[in-house]
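User: I am new to this structure and should like to be guided through it step by step. Please let me see it before we begin.

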Amino acid sequence: MSLDIKRPNINKTKKKTGFIVKMQLNNNRGGKKRNLFFFFFTNYYRWILWFFLSLYFFTSFFAGDQSSPSIHLLSNHKTSSSLPSRALIESSVIKTISTGVFTGMKIYVYDLPASFNVDWVTKSDRCSSHLFAAEVAIHRALLSDSSVRTLNPEEADFFFVPVYVSCNFSTSNGFPSLSHARSLLSSAVDFLSVRYPFWNRTHGSDHIFVASHDFGACFHAMEDMAIEEGIPEFLKRSIILQTFGVNYKHPCQEVEHVVIPPYIPPESVQRAIDKAPANGRRDIWAFFRGKMEVNPKNISGHFYSKGVRTAILKKYGGKRRFYLNRHRFAGYRSEIVRSVFCLCPLGWSPWSPRLVESAVLGCVPVVIADGIHLPFAEAVRWPEISLTVAEKDVKNLRKILEHVAVTNLSEIQRNLREPAFKRALLYNFPMREGDATWHILEALRSKLDRSYRRSRVLSQ
Ligand SMILES: *[C@@H]1O[C@H](CO)[C@@H](O)[C@H](O)[C@H]1NC(C)=O
Ligand SMILES: *[C@@H]1O[C@H](CO)[C@@H](O)[C@H](O)[C@H]1NC(C)=O
Ligand SMILES: *[C@@H]1O[C@H](CO)[C@@H](O)[C@H](O)[C@H]1NC(C)=O
Ligand SMILES: *[C@@H]1O[C@H](CO)[C@@H](O)[C@H](O)[C@H]1NC(C)=O
């Protein structure tokens, strides 16, 4: 266990002072380095922290900093858990202090006409809960946040443009039509660029958009078409928060971007956990439910899932220990919570909501999507909590899983129980420290060189 207390730079433009207290819990196996100072710290750090915390609150009280987000979050925490464990108190206190700091980063959320956003939610509840709903969740989380959101655009580093483009659900198949995405976004940009000076002064480079569907800002579910249509010209200088990501060059990510997790409602995760067998037994060995074509159609030269799902179905359908199902079932999360391995093969695009669903429900994600760039790779150590199987190796899936089952399965399962991973993959309302929105803010902080305000302060 190591402790690291840092004092942030005191920002000249703001009177805010505070401590960032970071605790890194490293397994302290090589205990040789332990010296007296360290020993003192590990035993008394709580009191040292409380001392500094009290000092912090005391001084901020006199500085009249009543809107301190730390205090707010801290009291929230106290009321929300009646009897928290000591470890929980310690780690959450330490963490809440670092919330809201983000180097003083400020985001202005445009207030667009309802036709760009909330009208879609009014039309259909699914708009805020389906797999593309990160566009809604991030907007709401930012509105709920008092530490980073600013109501004064003059002091903003970034500008968030809340347009919900994924909620025009087809009446026939229920899938969202993306055909209007470009025009909806472009009229939003027209709207704000004539009413505010901020878009024109940077050509949108400090503006943030969410593109939460298959191929990000290319707004098409089919890769060929997505590439052909490309990222709209007016978005190319902006920052895109997108679920799509690959670790090779791809025209649909040639834009400043952050790879984000798909949206899974936290309540639905909790419901599945509540329904889990009390003994925690996982009686399904390898699980997949979803679209698997027996005879995949050749759609202009391409097969769904590059034929991977069909290959899995053909080889393992009906086989012992494989629970593969092609039919939709609303309660499928209660199956995930009973499963050991959850297959996450590509669909049309490499990512799928299963990545998040299985990880947060303790089922080992088996990622079968060559070249996928998983969200928040720095915070979520995917190699420790998932397995990766190359698309060409699905024919050996059973062997690969059996090998893991007798070697490192319990280690992966233990890693999966680390609450920080689960937290990082879910969006909450209001935002919580360490959750998906929080990690997005963390990623945006590293792009503060795009801030117009800061570049002005520096050049003065
Ligand atoms: C919604 O999508 C349909 C096509 O599925 C399209 O005809 C319609 O114009 C779209 N609605 C809006 C408001 O863009
Ligand atoms: C920004 O530029 C556009 C196009 O050049 C123009 O129509 C608009 O009026 C400008 N906005 C402002 C606030 O000056
Ligand atoms: C799929 O269709 C394309 C034409 O769209 C054709 O060139 C290709 O050979 C077909 N592939 C297979 C495996 O049938
Ligand atoms: C578990 O074993 C598999 C296959 O041997 C390996 O690919 C994977 O990296 C291992 N994972 C961990 C967390 O040790």
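User: What percentage of the residues of the chain count as buried?

Analyst: The model is a predicted one. Its chain comprises 18 helices and 13 strands. Of its 460 residues, the share that counts as buried is 37%.

User: Among contacts between residues at least 6 apart in sequence, what percentage join residues at least 24 apart?

Analyst: The contacts considered here are those in the chain between residues at least 6 apart in sequence. Within that set, the portion joining residues at least 24 apart is 69%.

User: In the open sheet of six strands, which are the edge strands?

Analyst: The sheet has parallel pairing and the order β4-β3-β5-β6-β7-β8. An edge strand pairs on one side only. The strands that do so are β4 (149–150) and β8 (256–259).

User: Which residue of β5 is the bridge partner of I107?

Analyst: Strand β3 (residues 107–109) pairs with strand β5 (residues 158–160) in the parallel sense, over three bridges. The partner of I107 in β5 is F158.

User: Which residue of β6 is the bridge partner of F160?

Analyst: The strands β5 and β6 run parallel and are joined by two bridges. In β6, F160 has as its partner I208.

User: Which residue of β7 stands opposite A211?

Analyst: Strand β7 (residues 239–242) runs parallel to β6, and four bridges join the two. Opposite A211 in β7 stands Q242.

User: Is β6 largely enclosed by the rest of the structure or left open, and which of its residues point the opposite way from H207, F209 and A211?

Analyst: Five of the five residues of β6 are buried, so the strand is largely enclosed by the rest of the structure. In a regular strand, side chains alternate between the two faces of the sheet. In β6, H207, F209 and A211 point one way. Pointing the other way are I208 and V210.

User: How far does helix α6 reach from its first C-alpha to its last?

Analyst: Helix α6 (residues 181–195) has 15 residues. At 1.5 Å a residue, 21 Å is expected, and the model comes close to that. The distance reached is 22 Å.

User: Why do the buried residues of α6 lie on the same side of the helix?

Analyst: The buried residues in question are A181, L185, A188 and L192. They are on the same side of α6 because they cover an arc around the axis of only 55°.

User: Which exposed residues does α6 carry on the face turned away from its buried side?

Analyst: The buried residues of α6 pack against α7 (198–202) and β6 (207–211). The face turned away from that buried side carries the exposed S183, D190 and V194.

User: Which residues surround ligand 2?

Analyst: The shell around this ligand divides into two nonpolar, two polar and no charged residues. Its members are S193, V194, P197 and N200.

User: How many polar residues are in the shell around ligand 1?

Analyst: The residues around ligand 1 are N168, S170, S177, S179 and H180. By class, this shell has no nonpolar and no charged residues. Its polar residues number five.

User: Which helices each supply at least two residues of the shell around ligand 4?

Analyst: Ligand 4 is surrounded by P383, E384, H403, V404, T407, N408, E411 and I412. By class, these are three nonpolar, three polar and two charged residues. The helices that each supply at least two of the shell are α13 (382–385), α14 (397–406) and α15 (409–416).

User: Is K297 buried or exposed?

Analyst: K297 is located in the loop between β9 and α10. Its C-alpha atom is separated by 9.5 Å from that of G307, 10 residues apart along the chain. Because K297 has 8 C-beta neighbours inside 10 Å, it counts as exposed.

User: What is phi of K306, a residue other than glycine?

Analyst: K306 lies in the loop between β9 and α10. With 19 C-beta neighbours inside 10 Å, K306 counts as partly exposed. Its phi has a positive value, near 45°.

User: Which residue forms a cis peptide bond with F429?

Analyst: The omega of this bond is about -5°. The partner lies in the loop between α16 (419–424) and α17 (436–445). The residue joined to F429 is P430.

Technical notes
Residues numbered from 1 in each chain as written. Chains lettered and ligands numbered in written order. Predicted model: local features only at pLDDT ≥ 70, side-chain atom pairs only at ≥ 80, totals over all residues. Near = placed C-beta within 6 Å. Nonpolar A, V, L, I, M, F, W, Y, C, P; charged D, E, K, R; others polar. Expected span 1.5 Å × (residues − 1). Buried ≥ 20, exposed ≤ 12 C-beta atoms within 10 Å, placed from the backbone. Arc of directions from axis to C-beta. Contact = placed C-beta atoms within 7 Å. Pairing = 2+ DSSP bridges.
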